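I wanted to look up a site annotated in the record and then the nonpolar interior, and I kept notes as I went.

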Amino acid sequence: MAFSFQLQKKCLHTQARVGTWSTPHGLVETPRFMPVGTLATVKGLTPAQLETTGAQMILANTYHLHLQPGETIIEAAGGLHEFMGWNGPILTDSGGFQVFSLSELRKIREIGVTFRSPRDGRIIELTPERSIHIQNALGADVIMAFDECPPGNADYDTVAAATDRTYRWLERCIKAHQRPHDQALFGIVQGGIYPKLRSDAVSALIPLDLPGYAIGGVSVGEEPALVRDIVKLTTPLLPVSKPRYLMGVGTYKEMVMAIASGIDLFDCVIPTRFGRHGTALVAGERWNLKNAQFREDFTPLDPECPCYTCQTFSRAYLNHLVRSQEMLGYILLSLHNVTELVRFTQRIREAILKDRFTQEFGHWL
Ligand SMILES: [Zn+2]
C-alpha cells in the first residue's frame, strides 16, 4: 500500500500524538513542520541543504506552478520530484487559497473560479476538476481538494454557503482524481470561526474515508485566540487513524497548541521569508541580525543548533552579510530558520514519546 499512517503514541494529558506516515517517497514522522517551496524551490536552499534541515515532506503551490512554468512542462520533466531534484515526499495545495486571497477580478460560481493572471493578464478558470488535473500532472504524493476560502471576517451565512460549496467541490475532486494509487487526496475542513459549521463540515467528510484531512481557513485575518478555539474543537472530531494537517500555521506557540489538540502536520512560509529579511528564529524569538548588538558578537547564532550556519559562522559574520545585502546571508538564515522549525517539531515528537510533552512544552500552552 502506498500510504499508511501508524499511530505510535498518545500523550497522557493532551490530544498530542506521534505517528509514522509512509508515502510513496518516504516516511513522514509526525508531528512535523513542512517547509514551503512555492515555485518548486524552498527559496534559497538546494535540495541537499534542505535534507540537512530534517525536513521530510515539503510543499509546492499549484496556483504558482500553473502560471509558471505550467504543469505540462513539469509533467514532461517527469513530475515535480524529478523537476526540482527532491526525492522526499511533496504536498501540493489546490490553488484555492491563492485564487481567493491574491487574485484580482475573480468571479466565484458553482462551476469554479475565474480570475485574471497577475503574470500576463489572461483570464484563467480554476475548477475542482482543473485543480485536480493540474495536481495529477505535477505528481506530488499528497494533493489537496479545491475549496472555497472566505475571508476570516465573513459572516455566518457567507461561511455556511462556502462550506457547503467546498463539500460539493470535494465530491467533484474525488471523481476527477486519476491517481488515487500514488497520490493521497486530502479533504479540507472549512467553517470559519463558527463551531457548528466546523463540526458539520467534519461530519460530512468522515463518511468519505479520505486518506487524510486538513483544517483550512485559519490564519486568514481572524483573532489568534479564535483560531486556537477552532483547532481545539475541530481536530479531535477527525478520524484518529488519518494524518491531520493544519494549513498555513507555523509559529512556535500556534504549533504547540495545535499539537496539543492532535494536529500532525504544519506548513508556513515564515522561515524562508524571515531569512530573506535578515531575521533569525532563535529559541522561540525573532532576532534582527542587522542590529548593532551583533556586530562584534563572535558566538554562533544558536550554539544548540546543528545546522551548517550555526556550526560554521558567527553572529558578527551574519550581521556583516545582512548589512551588506549579500545573498549568502539570506541563504544561511533561511537554512537556520527551516532547521529551527523542523527541529522544534522533532523535539516535541521526542517529548511526546517520553511522556514529557506538558513538562517541556506546557509553558507555550
Ligand atoms: Zn542553526
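Is Cys307 buried or exposed? I was working from a predicted model, and there I found 23 C-beta neighbours inside 10 Å of Cys307; because the cut-off for a buried residue is 20 or more, Cys307 counts as buried.

I looked up Cys307 because of the UniProt record, an unreviewed entry, which places a "binding site" at Cys305, Cys307, Cys310 and His336. These four span 32 residues in sequence, yet no two of their C-alpha atoms are more than 8.1 Å apart, so I noted that they gather at one spot.

Next I checked where two of the cysteines sit. I found Cys305 in the loop between strand S16 (285-288) and helix H12 (308-312), and Cys307 has its place in the loop between S16 and H12 as well. Cys305, with 19 other C-beta atoms within 10 Å, is partly exposed, whereas Cys307 is buried.

I then listed contacts, leaving aside neighbours within four places in sequence for Cys305, and wrote down Cys310, His336, Thr339 and Glu340. For Cys307, not counting residues up to four places away in sequence, I wrote down Thr53, Leu335, His336 and Thr339.

Finally I turned to the interior. The largest nonpolar core has 108 residues, and I noted Ala145, Phe186, Ala214 and Leu246 as those with the most contacts inside it. Helix H14 (residues 327-353) gives the most to this core, with 11 residues. For Phe186 I looked up the contacts beyond four places in sequence, among them Val142, Met144, Ala145, Leu210 and Ala214.

Notes. Residues are numbered from 1 along each chain as its sequence is written. This is a predicted model: local features need pLDDT of at least 70, side-chain atom pairs count only at pLDDT 80 or more; totals for chains, interfaces and linings use all residues. UniProt positions are given in the numbering used here, feature names are shortened, and annotations may be inferred rather than shown by experiment. Helices (H or I, at least four residues) and strands (E, at least two) are DSSP runs, numbered from the N terminus. A residue is buried if 20 or more other C-beta atoms lie within 10 Å of its own, exposed if 12 or fewer, and partly exposed in between; C-beta atoms are placed from the backbone. Two residues are in contact if their C-beta atoms, placed from the backbone, lie within 7 Å. A nonpolar core is a set of buried Ala, Val, Leu, Ile, Met, Phe, Trp, Tyr and Cys residues joined through C-beta atoms within 7 Å.
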